[in-house]
Structures are given as structure tokens and as C-alpha cells.
Amino acid sequence: MSVQYDQYLMEHKANVVRAFIFLKEHLPHLIEGDYDYEWQISIAHDQSKDSQEEYDAYDKYFLNYPLF
């Protein structure tokens, strides 16, 4: 596990939530109905990144090609 990838992942997840809130406030017609879109979009969107296989692949990528 790299601290760099963990930091990126936390920032990315926060940005996804911010984007969802923006859409919810400015384009509410895109998010209508009884379905829990907030959970699906802001949480489930990145759930697979916590799997060991995907985490390791992204972690290796970030170690070789740092973004920050």
C-alpha cells in the first residue's frame, strides 16, 4: 500500500461526492426517483478500487507514474 495512492483515492472519492452534490443542486432532473442514487454514485462508484486486485494494480501504476 502506498500513502500516495491512498491520498489520491480519498481525494477522488471526495470529488465524486462534490460532483454528485453539484448535479443534485443544479440539474435535479438527472437525479429523480426513489432510487438511492447518492449512495450508488458517490459510494459504489469507487467500491471496486478497494478490492485487493484493483488496489494493487492502481497502487503499482501510481508508484510508477506519480501524479503529485
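## Close-up views of a three-helix model

Of the 68 residues in the protein, 19% are buried, in a model that is predicted.

**View 1. The whole chain, built from three helices and zero strands.** Read from one end of the sequence to the other, the protein follows the pattern α-α-α, with α1 covering residues 3-26 and α2 covering residues 37-42, and with α3 covering residues 52-64. Among the contacts in the protein with a separation of 6 or more, 70% are made by residues 24 or more positions apart. The protein exposes about 5,300 Å², and carbon and sulfur atoms supply 57% of that area.

**View 2. Helix α1 and its buried residues.** The helix α1 has 24 residues and reaches 34 Å from its first C-alpha to its last, which is close to the 34 Å expected at 1.5 Å a residue. Buried within α1 are Gln4, Tyr5, Leu9, His12, Val16 and Phe20. An α-helix has 3.6 residues a turn, so residues three or four places apart point the same way.

**View 3. A nonpolar patch on the surface, made by Phe22, Leu23, Leu27 and Leu30.** Together these four side chains form a nonpolar surface patch of about 340 Å². One of the four residues, Leu30, is found in the loop between α1 and α2.

**View 4. Asp46, a buried residue in the loop between α2 and α3.** Asp46 counts as buried because its relative accessibility is 1%, where the cut-off for buried is under 20%. Not counting residues up to four places away in sequence, Asp46 touches His12, Lys13 and Val16, and of these His12 and Val16 are among the buried residues of α1. Although Asp46 and His12 are 34 residues apart in sequence, their C-alpha atoms are 8.9 Å apart in space.

**View 5. Lys49, placed in the loop between α2 and α3.** Lys49 has a relative accessibility of 13% and therefore counts as buried. Leaving aside neighbours within four places in sequence, Lys49 is in contact with Tyr5, Leu9, His12, Glu54, Tyr55 and Tyr58; Tyr5, Leu9 and His12 are among the buried residues of α1, while Glu54, Tyr55 and Tyr58 lie in α3, which covers residues 52-64. The C-alpha atoms of Lys49 and Leu9 are separated by 8.4 Å, with the two residues 40 residues apart along the chain.

**View 6. The salt bridge between Asp46 and Lys49.** Side chains of opposite charge can pair when their charged atoms come close. The structure holds one salt bridge, and Asp46 forms a salt bridge with Lys49 in which the closest N and O atoms are 2.9 Å apart. The side chains of Asp46 and Lys49 are also joined by a polar contact of 2.9 Å, and both residues are buried. His12 appears in the surroundings of each partner, since it is touched by Asp46 and is in contact with Lys49.

Key. Residues are numbered from 1 along each chain as its sequence is written. This is a predicted model: local features need pLDDT of at least 70, side-chain atom pairs count only at pLDDT 80 or more; totals for chains, interfaces and linings use all residues. Side-chain values use heavy atoms; hydrogens and water are left out. Helices (H or I, at least four residues) and strands (E, at least two) are DSSP runs, numbered from the N terminus. Buried means under 20% relative accessible area, exposed over 50%, partly exposed in between (1.4 Å probe, protein chains only). Contact means heavy atoms within 4.5 Å. Accessible areas come from the Shrake-Rupley method with a 1.4 Å probe; for residues, only the protein chains shown count as cover. Patches are made of residues with over 30% relative accessible area and no salt bridge: like charges are joined within 9 Å, nonpolar side chains (Val, Leu, Ile, Met, Phe, Trp, Tyr) within 5 Å. The expected span of a helix is 1.5 Å times one less than its number of residues. A polar contact is a pair of N or O atoms within 3.5 Å; within protein, one must be able to donate a hydrogen and the other to accept it, and residues adjacent in sequence count only if both atoms are side-chain atoms.
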